[in-house]
Amino acid sequence: MKSVWNSCKAAFAMFSKVPTPMVDWNKENMKYMMCFFPFVGAVIGVLTWLVGCVLGNHVELEPFFLTAILTVIPVFVTGGIHVDGLLDTSDALSSWQERTRRLEILKDSHAGAFAIITACVYFIMWLGAWSQLQNDPEGICIMSIGFMMSRCLSGIGVITFPKARTDGTVAEFSRNASEIVARNILTVMFVVLAGLMIWINPVLGVAAVISAILVFWWYHHMAMKYFGGTTGDLSGFFLCICEVVMALVLAFVGAVIL
């Protein structure tokens, strides 16, 4: 039980800015860390629901101000760790260099032009999606769950995909994880979350689940083709793309059926 609690603390310490008690970074404490990764998404989801469905309905906020708050919630909770992966991966993909050079670009701390462009497009897409979803409580609820779903898929990728580097963060997590247990728990969580989405609204729920699965399939194809496996940056890249695609799909489908 102690290792489970320590794995939970390790997950929040690594993947969020939520104040967390100190934890020793050893193999035992990282054993089940990926199982708790989706709960960081749960924090984002709860805050999103509170702002979108509770605050938005009880406080007279300007629509753009509300969408801006919804857009930055994930960044405030996580500290932008996954956005960093999005930008690094965008630079690497846009370089059109051979595989070894792409992996070097992922480790470069400098942001290139394509990273800046990607950041602008990414946050504009979020603003657009939230501006459409802010009057759709069911869409907001499903997207709130989506922050957990994306992390289930990201964790499954960390555990099951080949590793592009043997010395990277993802490789270290995978070596220290109880892989079969973590994979099975994340898979069950994904199925439960998918069922909850569909229960809230069958059409929107199915659209969100299918879009997440398609992005996950594309992510595997892209990672294997251009990098020979996954890395921490690629996992963050997937997480960002998966969430914004789900939001855009929910916004579009919601506009069609409402």
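**Close-up 1. Ile 124 on helix α6 in a predicted model.** We start with Ile 124, a residue of helix α6 in a structure that is a predicted model. Is Ile 124 buried or exposed? Its relative accessible area is 52%, and since the cut-off for exposed is over 50%, Ile 124 counts as exposed.

**Close-up 2. A nonpolar patch on the surface that includes Ile 124.** Here Ile 124 is joined by Phe 114, Ile 117, Val 121, Met 125 and Leu 248. Together these residues make a nonpolar surface patch of about 520 Å². Which helix gives the largest share of the patch? That is helix α6, spanning residues 113-133, with five residues.

**Close-up 3. Leu 204 in helix α10.** Now for a residue with the opposite kind of setting: Leu 204 is buried, with a relative accessible area of 2%. Leu 204 belongs to helix α10, which covers residues 202-227. Leaving aside residues up to four places away in sequence, Leu 204 touches Asp 136, Glu 138, Gly 139 and Ile 142, along with Leu 250, Val 253, Gly 254 and Ile 257.

**Close-up 4. Leu 204 and Met 246.** Have a look at this pair across the sequence: Leu 204 and Met 246 are 42 residues apart along the chain. In space, their C-alpha atoms are 9.8 Å apart.

**Close-up 5. Confidence in helices α8 and α10.** Where in the chain is confidence lowest, and where is it highest? Helix α8 (residues 169-176) has the lowest, with a mean of 52, while α10 has the highest, at 95. For the chain, pLDDT averages 86, and 89% of the residues score at least 70.

Notes
Residues numbered from 1 in each chain as written. Predicted model: local features only at pLDDT ≥ 70, side-chain atom pairs only at ≥ 80, totals over all residues. Heavy atoms only, no water. Helix = DSSP H or I, 4+ residues; strand = E, 2+ residues; numbered from the N terminus. Buried < 20%, exposed > 50% of the residue type's maximum accessible area, 1.4 Å probe, protein only. Contact = heavy atoms within 4.5 Å. Patch = residues over 30% accessible without salt bridge, like charges linked within 9 Å, V, L, I, M, F, W, Y side chains within 5 Å. Areas by Shrake-Rupley, 256 points an atom, 1.4 Å probe, with all protein chains shown as cover. Salt bridge = Lys/Arg side-chain N within 4 Å of Asp/Glu carboxyl O. pLDDT = per-residue confidence, 0-100.
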